Amino acid sequence: MGNITNIVDIDSELALQTPQEILRYALENHNNIAISFSGAEDVVLIDMAYKIRKDLQVFSLDTGRLHTETYRFIEQVRKHYNINIDVVYPEASRVEKLVKEKGLFSFYDGDHKECCGIRKIAPLRKQLLTVDAWITGQRRDQSPGTRAAVPVMQDDKAFARPDEKLTKFNPLANWTSKQVWDYIRENNVPYNELHDKGFISIGCEPCTRPTGPGQHEREGRWWWEEATLKECGLHAVNIQKQTL
Amino acid sequence: MTKITMVKKIFADGSPCKKCGEVEEKMREAGQLEQLDKIVIAYEADPQSEGMQLAAKHNVDRAPFFIVEPESQDAKIYTVYFKFVKEVLNAKTSEDEELKEIMNDVDLDFL
């Protein structure tokens, strides 16, 4: 209970702070901490973190299906900040098996989770086994349905090593897309050229498309699937309000 | 002696949450239900129900979850089924099953 209370308390305190202050807390309290960089506007995390500490651990998941522009951008960021970006790959045998059994575009026939599981989540899990904390660019405004309650700091139970703690920081949780882009422009941060071509959310090439005026950014991802409701939530925040 | 409690959620219309049903069925097939000391219900419509109170107490926002209480030690909470069965029940799980559970439970679409 002590640890849970601690994380909730720190999260409540950090939630009132700026992304830079949250990042400073994360980087000063964890030596073995890595930034997950998707090759999109989460580059602001690298810019902010670099101003705090130069020896950053950054990793990117190369699914093998990214846009050429994203590969170019990852390389640009590596050179711009003179940092190592650990590019992480899926297990070749698992990709081969998937493609052999279901073809190169199986996600259009079912849902994207099987392919994402092999190309993104398995390598992510392997990578996270090597760190004590990680930093993501998740924001609440990216998906009002499923991310409305993204905390700035959380205990990551899904990816933690057995009997150990893994802390996940989401410093941009409270920022809007506009704030991110204002930061990019004001600080001359390099950005993925796909953004100039109408892409807001950037993922794998077959599963990402530009969005039109008035469309939410999530409409540019897996557009052939219906939005699914997460039905197992217990809304603990509401429970706390009623019981404490 | 370790006490193990499972908390599962029941919607206001009386139906179980999908994952709770799936997990319970898996545990039944694997003969793991007998290893639980207690199954507690979190009634969506009743914030005072025992399961909802336990969720609040342990700051858990997902169902099902497991409370593992070794004698004279702090309770440990498991919200990830495969971790619970691997670490507490010493059962084997496949990587495919583990990835599937992670994908269904955690919003990782930002990656």
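Me: I am looking at B:P64, which lies in the loop between helix 2 (50-57) and strand 3 (65-69) of chain B. What is omega of the peptide bond that joins B:A63 and B:P64?
Reply: Helices (H or I, at least four residues) and strands (E, at least two) are DSSP runs, numbered from the N terminus, and B:P64 sits in a loop between one of each. The bond from B:A63 to B:P64 is cis. Omega there is about 0 degrees.

Me: Which pLDDT do side-chain atom pairs need in this model?
Reply: Residues are numbered from 1 along each chain as its sequence is written, while chains are lettered from A and ligands numbered from 1 in the order in which they are written. The model is predicted, and while totals for chains, interfaces and linings use all residues, local features need pLDDT of at least 70 and side-chain atom pairs count only at pLDDT 80 or more.

Me: What pattern does chain A follow along the sequence?
Reply: Chain A has eight helices and six strands. From start to end they run in the order α-α-β-α-β-α-β-α-α-β-β-β-α-α.

Me: Which residues have the most contacts inside the largest nonpolar core?
Reply: A residue is buried with 20 or more other C-beta atoms within 10 Å of its own, exposed with 12 or fewer, and partly exposed in between, C-beta atoms being placed from the backbone; by that count 35% of the 244 residues of chain A are buried. A nonpolar core is a set of buried Ala, Val, Leu, Ile, Met, Phe, Trp, Tyr and Cys residues joined through C-beta atoms within 7 Å. The largest has 72 residues, and those with the most contacts inside it are A:A26, A:I35, A:I46 and A:A49.

Me: Which helix of chain A gives the most to this core of 72 residues?
Reply: The core includes A:A49 among its best-connected members. Its top helix supplies seven residues, and that is helix 6 (residues 113-128).

Me: Which residues does A:A49 touch, leaving aside those up to four places away in sequence?
Reply: Two residues are in contact if their C-beta atoms, placed from the backbone, lie within 7 Å. On that basis A:A49 touches A:L23, A:L27, A:I35 and A:L56.

Me: Are helix 5 and helix 6 of chain A roughly parallel or antiparallel to each other?
Reply: Axes are lines fitted to C-alpha atoms, for helices over the stretch in contact, and angles run from 0 to 180 degrees between N-to-C directions. Helix 5 (residues 92-102) and helix 6 pack at an angle of about 165 degrees, with axes 10 Å apart. Angles under 35 degrees count as roughly parallel, over 145 as roughly antiparallel, 65 to 115 as roughly perpendicular and the rest as oblique. Helix 5 and helix 6 of chain A are therefore roughly antiparallel.

Me: Which residues of helix 6 of chain A meet helix 5 of chain A?
Reply: Helix 5 brings A:R94, A:V95 and A:L98 to the contact. From helix 6 come A:C115, A:I118, A:R119 and A:A122.

Me: Are helix 6 of chain A and helix 4 of chain B roughly parallel or perpendicular to each other?
Reply: The axes of helix 6 of chain A and helix 4 (residues 95-105) of chain B come within 10 Å and cross at roughly 100 degrees. The two helices are therefore roughly perpendicular.

Me: Which residues of helix 4 of chain B make the contact with helix 6 of chain A?
Reply: Helix 6 of chain A offers A:K113, A:C116, A:G117, A:I121 and A:A122. Helix 4 of chain B answers with B:E95, B:L99, B:K100, B:I102 and B:M103.

Me: Is A:W222 buried or exposed?
Reply: A:W222 lies in the loop between helix 7 (177-186) and helix 8 (236-243) of chain A, and its phi is positive, near 45 degrees, though it is not a glycine. With 21 C-beta neighbours inside 10 Å, A:W222 counts as buried.

Me: And B:S72, is that buried or exposed?
Reply: B:S72 is not a glycine either, yet has a positive phi of about 60 degrees. Its place is the loop between strand 3 and strand 4 (76-78) of chain B. Because B:S72 has 5 C-beta neighbours inside 10 Å, it counts as exposed.

Me: Which residues does A:D42 touch, not counting those up to four places away in sequence?
Reply: A:D42 is in the loop between strand 1 (33-36) and helix 3 (43-50) of chain A, and it is buried, with 22 other C-beta atoms within 10 Å. Its C-alpha atom is 9.8 Å from that of A:R139, 97 residues away along the chain. The residues it touches are A:F37 and A:G137.
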